[in-house]
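Me: I am new to this structure. Please take a close look at the charged side-chain pairs, and then follow on to the helices and loops around them.

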Amino acid sequence: MKPDLVKALIALYPRKWRERYGDEFSRMLEDQAITIRAIFDIIVCALYARVCLLGVNLMKEVKSSLTLILFAGVATLAAGANLFFTVDDSPLATAMQAHSTLAACWLVMAAGSVLSVAGLAVASLPIFWAMVRFAWGHRRMDIGLRLFFAPVAFFLALLWIVGVVACTHWAPLPWAVTGDWPAPANWPLLKVRWELCWVTLALLAFGVIGSAMSLRNAMALIESAPRTTAPTSFKWPSLHRMRTFAFVVFVATICTMAGAAVGGVLADSYSPNLSHARLGFVATTASVSWLVSIGLLATAAAAALVSFRCAGSSRTETIQ
Amino acid sequence: MTRSSEKGKTSESEMALGRFSDPTLLVLASLADGPKHGHAMIADIAQMSGTRLGPGTLYGAIARLEEQCLIEPLPPEERRYPYRLTPDGKRVLRAKLNTLRQFTMAGLNKLEAA
């Protein structure tokens, strides 16, 4: 192969990989004949290496597989909530009652979402509980505080929403600010609704990002904890379990996505006007809101699939 | 972070055998008779199995095997890095080939009995 082509192909690999294998790989490629098959092989393997090196050793450990499942679960939850609130109390719900195929799609979406959340809960709750026990057994307040960030953050967000509903008779959710529907007279002014809605979104974003960082820190602290006098051991789940959970979340997310995609097309064919009605997230149209959900579900499915594939390179470790 | 025992380590390696895709096994088998660099491995594997590994696939397998400490690089010769099996690599390759032999024998016996 020509040196320029070799250089371009090697540039597709992640930096860490290039530093370790770049020189010898380029030496070998220089001796190779140019074939489409070889180029395709290098491109696919380089992309795979990039996926596997996302983050810090993303695919090396079971905990990374779990992180991806959690990400998939959060994306599925966000997509499901978006679909639900786009349809809830809207003409789309009426259209669903009139068309059994649309209702069937909705059922598929609901079943997929429930299965996905169940898979996520079964995968993560025992680990979360084991981490709490580890923190308690070791009297590690720093780990405990990080573990409780997520529940506290979401409790606060819930408290905020309930508090606003109690005071204003309006839920500060991004689907309920404005749209192609009449706002009840007892709701706050539109400007106030927008402001309260942004506070909710900020709280949710703070909760999600903060929880991800806190859990990641807690995992790192558990790994670096002294192991000699430990009263409680911590065991990551087995490889097989992680692969099973990832597979369940992947299948469930694909089902939800298929239901959403078919449902969206059917809804558009039954009532084209509804697709352009502002029924979605922060006053977007129903079709945009629907597409955002499908995008989130596709991302979740990809994360679950990568988690499933790469759990194969994980190891079961015991931290004492 | 500890592996509980030597027994635990063995069972982990045996578990790992189940997820070996062909390229990693082919690389291990190619190195069974001595160290080789990438180009020689491709030629050897092609001769041994009729499978011509792509360069990306080969180095993907090399990276995985090196990460699992089943192969190790030797000092370079004109920018070519030969690799050789580690003791763990030899043990894993032997175990895998024995499993394959048992599987082959069982399959052939069933065919003959039918």
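Reply:
**Salt bridges and their surroundings**

The side chains of A:Asp142 and A:Arg140 form a salt bridge, with 2.9 Å from N to O (a side-chain nitrogen of Lys or Arg within 4 Å of a carboxyl oxygen of Asp or Glu). This is a predicted model, in which local features need pLDDT of at least 70 and side-chain atom pairs pLDDT 80 or more, while totals for chains, interfaces and linings use all residues, and side-chain values use heavy atoms, without hydrogens and water. Residues are numbered from 1 along each chain as its sequence is written, with chains lettered from A and ligands numbered from 1 in the order written.

Of the pair above, A:Asp142 is partly exposed, with a relative accessible area of 28% (buried is under 20%, exposed over 50%, partly exposed in between, with a 1.4 Å probe and protein chains only). Over all chains, the structure holds 7 salt bridges. Side chains of opposite charge can pair when their charged atoms come close.

Three residues take the matter further, since A:Arg20, A:Glu24 and B:Glu66 are linked in a network of salt bridges. Within chain A, the side chain of A:Arg20 meets that of A:Glu24 at 3.0 Å, N to O. Both sit in helix H2 (residues 15-30) of chain A, and because they are 4 residues apart there, about one helical turn separates them (helices are DSSP runs of H or I, at least four residues, strands of E, at least two, numbered from the N terminus). The two partners differ in how far they are covered: A:Glu24 is buried at 3% relative accessibility, whereas A:Arg20 is partly exposed at 28%.

The other link in the network runs from A:Arg20 to B:Glu66, whose side chains form a salt bridge at 2.8 Å, N to O. This pair crosses between chains: B:Glu66 belongs to helix H4 (residues 55-67) of chain B, and A:Arg20 to helix H2 of chain A. B:Glu66 counts as buried, with a relative accessible area of 18%. A:Arg20 thus has a partner in each chain, A:Glu24 and B:Glu66.

B:Glu66 leads on to the rest of chain B. Chain B has 5 helices and 2 strands, and from the N terminus on the order of its elements is α-α-α-α-β-β-α. Of the 114 residues in chain B, 37% are buried. Among chain B contacts between residues at least 6 apart in sequence, 49% join residues at least 24 apart (contact means heavy atoms within 4.5 Å).

One helix pair in chain B shows such packing in detail. Helix H2 (residues 22-30) of chain B packs on helix H5 (residues 87-113) of chain B at an angle of about 110°, with the axes 10 Å apart (axes are lines fitted to C-alpha atoms, for helices over the stretch in contact, and angles run from 0 to 180 degrees between N-to-C directions). B:Leu25, B:Leu28 and B:Ala29 make the contact from H2(B), and B:Val92, B:Leu93, B:Lys96 and B:Leu100 make it from H5(B).

Back in chain A, the stretch close in sequence to the opening pair includes A:Arg139, which lies in the loop between helix H6 (100-137) and helix H7 (141-147). Most residues other than glycine have a negative phi. A:Arg139 is not a glycine, yet its phi is positive, at about 55°. A:Arg139 is also exposed, with a relative accessible area of 62%. A second case is A:His169, with a positive phi of about 60° although it is not a glycine. A:His169 is found in the loop between helix H8 (149-168) and helix H9 (190-223) of chain A, and it is exposed at 54% relative accessibility.

The helices that flank these loops also meet one another. A:Phe128, in helix H6 of chain A, is partly exposed at 24% relative accessibility. Leaving aside neighbours within four places in sequence, A:Phe128 is in contact with A:Leu147, A:Pro151 and A:Leu215. A:Phe128 and A:Leu147 are 19 residues apart along the chain, with 7.8 Å between their C-alpha atoms. A:Pro151, in turn, is in helix H8 of chain A and partly exposed at 39% relative accessibility. From A:Pro151 to A:Ser211 the distance is 8.5 Å, C-alpha to C-alpha, although 60 residues separate them in sequence.
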